[in-house]
Amino acid sequence: MARPDDEEGAAVAPGHPLAKGYLLLPTGAPAGKESVEPQNGPKAGTFPVNGGPRDSLAAASGVLGGPQTPLAPEEETQARLLPAGAGAETPGAESTPLPRTALSPQRFVVLLIFSLYSLVNAFQWIQYSIISNVFGGFYGVTLLRIDWLSMVYMLAYVPLIFPATWLLDTGGLRLTALLGSGLNCLGAWIKCGSVQQHLFWVTMLGQCLCAVAQVFILGLPSRIASVWFGPKEVSTACATAVLGNQLGTAVGFLLPPVLVPNTQNDTNLLAYNISTMFYGTSAVATLLFILTAIGNECYSPRDVMAHYICFHIVKGFED
C-alpha cells in the first residue's frame, strides 16, 4: 500500500519516518520541510483523522485523494443544520447569519401590568376577612362563612395548580396571562351584583372565580422573568413580579376598613360603601385585563428567536 508521501511525491525529512496515525501537513511547504503531527494533538494547519472538526476530515481526505469517512446520522444532521463555528452561517438559511436576541423595552410594561393585576387579585382575597364583622352583619351569615371567602383561594390552589402548570407549558405565557387577568376581572364584576343582603351566594361565586384566577397568576412570575428578561435581570424581575402580590395583600388590609366603615345601623349607606369598593375594584381589573391583552399581543424576543430557528431547521431538512 502506498504511503501518503508517495501519493504526494513529497520527501520526508531524514530520520523522521511517518508512523501510524500521522499525516503530512498539506501547506505547500518546500520538500523536506513538512512537519508531521500526532493524531491526538494537532496544531494549526493540521488535519486530525478522528475527533476533529467535522470539515477537517473532508479537507484532509480531499488533499490526500482518499475516500471520505461516512458520518453517523446524528453528525450528518448537525453538519447540515448547525454553523461550523463563531461567525459562520447556518446551512439552509440562504446565507443569512443567525441574529442575536435583543431585549425589548416592552418587558418593563409587561412586568408592570402583571404586578398590578396580581395586586388586584391579592386585594380581593383579603378584602372580606379584614372586615368580616361588617360583611357578616350585612349578609346575615356567620363569621365562618365570611372566612370561607378567603379560604376558597387555598382550596382552589391545591387541585388546580397542576392543570394550570400544564396549560402554561403547552398553551404559553399569553394564554395563561389572559386567563388569570380575565377571570380576575369577571369575578370582580360578579361581586358587583351581590350588594344585597340575600345574595351571599353571588359574592361567593365571584370570589371562587377570583380564586381560580389566582392559580394562573401565581405561576407566571418566573416564566415572565425567563422569557422577557436577560440573564442578569431574571432574579430582579421575578422578585418584582412576586412583590405585586404581596403589595396587594397589604392594600387589602388598608383600604377595606377605610372604604367600608362599620355603619350597620344604616344598611343603605353600608350597601353603598360596599358597592363603591366592588365597582372600583372591577374598574381597575377591567383596565388591567385590556392592558394585558394589548401588552402581550406581541411575541417576546425569545419567542421570535425560537420561531426563527425552527423555521430554518425545517427548511434545512427540506433542502
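Below are a few exercises on this predicted model, each with a worked solution.

**Exercise 1. Get the overall layout**

Work out how many helices and strands the protein chain has, and in what order they come.

*Solution.* Start with the count: the chain has 12 helices and two strands. Next, walk from the N terminus, where the order reads α-β-β-α-α-α-α-α-α-α-α-α-α-α. Then look at burial: of the 319 residues, 37% are buried. On the outside, the chain exposes about 17800 Å², with carbon and sulfur atoms supplying 65% of that area. Finally, check the contacts: among those between residues at least 6 apart in sequence, 70% join residues at least 24 apart.

**Exercise 2. Track down the salt bridges**

Find the two salt bridges and say which parts of the chain each one links.

*Solution.* Take Arg107 first. Its partner is Glu233, and the closest N and O atoms sit 3.1 Å apart. Arg107 belongs to helix H4 (residues 106–126), while Glu233 lies in the loop between helix H9 (220–228) and helix H10 (234–259), so this pair links distant parts of the chain, 126 residues apart. Now compare each partner with the cut-offs. Arg107 has a relative accessible area of 9%, so Arg107 is buried, as that is under 20%. Glu233, at 25%, counts as partly exposed.

The second bridge joins Arg223 and Asp169, at 2.8 Å from N to O. Here too the pair links distant parts of the chain: Arg223 is in helix H9 and Asp169 in helix H6 (residues 143–171), 54 residues apart. Arg223 comes out as partly exposed, with 24% relative accessibility.

**Exercise 3. Classify a helix pair**

Decide how H4 and H6 are oriented where they pack.

*Solution.* Grab the two numbers you need: the angle is about 125°, and the axes are 7 Å apart. An angle between 115 and 145 degrees falls in the oblique class, so H4 is oblique to H6. To see who does the touching, look at Asn121, Gln124, Trp125 and Ile126 in H4, which meet Ser150, Tyr153 and Met154 in H6.

**Exercise 4. Look at H5 and H7**

Find out which residues of H5 and H7 are buried, and what packs against them.

*Solution.* Begin with H5 (residues 132–139), which is mostly covered, with six of its eight residues buried. Those are Ser132, Val134, Phe135, Gly136, Phe138 and Tyr139. The cover over them includes H6, H8 and H11. Just past the end of H5, Gly140 has a positive phi of about 70°.

Move on to H7 (residues 173–192). With 20 residues, H7 spans 29 Å from first to last C-alpha, close to the expected 28 Å. Its buried residues include Leu173, Gly180, Gly182, Cys185, Gly187 and Cys192. The buried residues of H7 pack against H4, H6, helix H8 (200–218), H9 and helix H11 (267–295).

**Exercise 5. Place one residue**

Where is Ile113, and is it buried or exposed?

*Solution.* Ile113 sits in helix H4. With 9% relative accessibility, Ile113 counts as buried. Next, list its contacts, leaving out residues up to four places away in sequence: Ile113 touches Leu288, Leu291 and Thr292. To compare sequence with space, take Phe289: Ile113 and Phe289 are 176 residues apart in sequence, but their C-alpha atoms are 8.9 Å apart.

How values were computed
Residues numbered from 1 in each chain as written. Predicted model: local features only at pLDDT ≥ 70, side-chain atom pairs only at ≥ 80, totals over all residues. Heavy atoms only, no water. Salt bridge = Lys/Arg side-chain N within 4 Å of Asp/Glu carboxyl O. Helix = DSSP H or I, 4+ residues; strand = E, 2+ residues; numbered from the N terminus. Buried < 20%, exposed > 50% of the residue type's maximum accessible area, 1.4 Å probe, protein only. Expected span 1.5 Å × (residues − 1). Contact = heavy atoms within 4.5 Å. Areas by Shrake-Rupley, 256 points an atom, 1.4 Å probe, with all protein chains shown as cover. Axes fitted to C-alpha atoms, helices over the stretch in contact; angles between N-to-C directions. Parallel < 35°, antiparallel > 145°, perpendicular 65-115°, else oblique.
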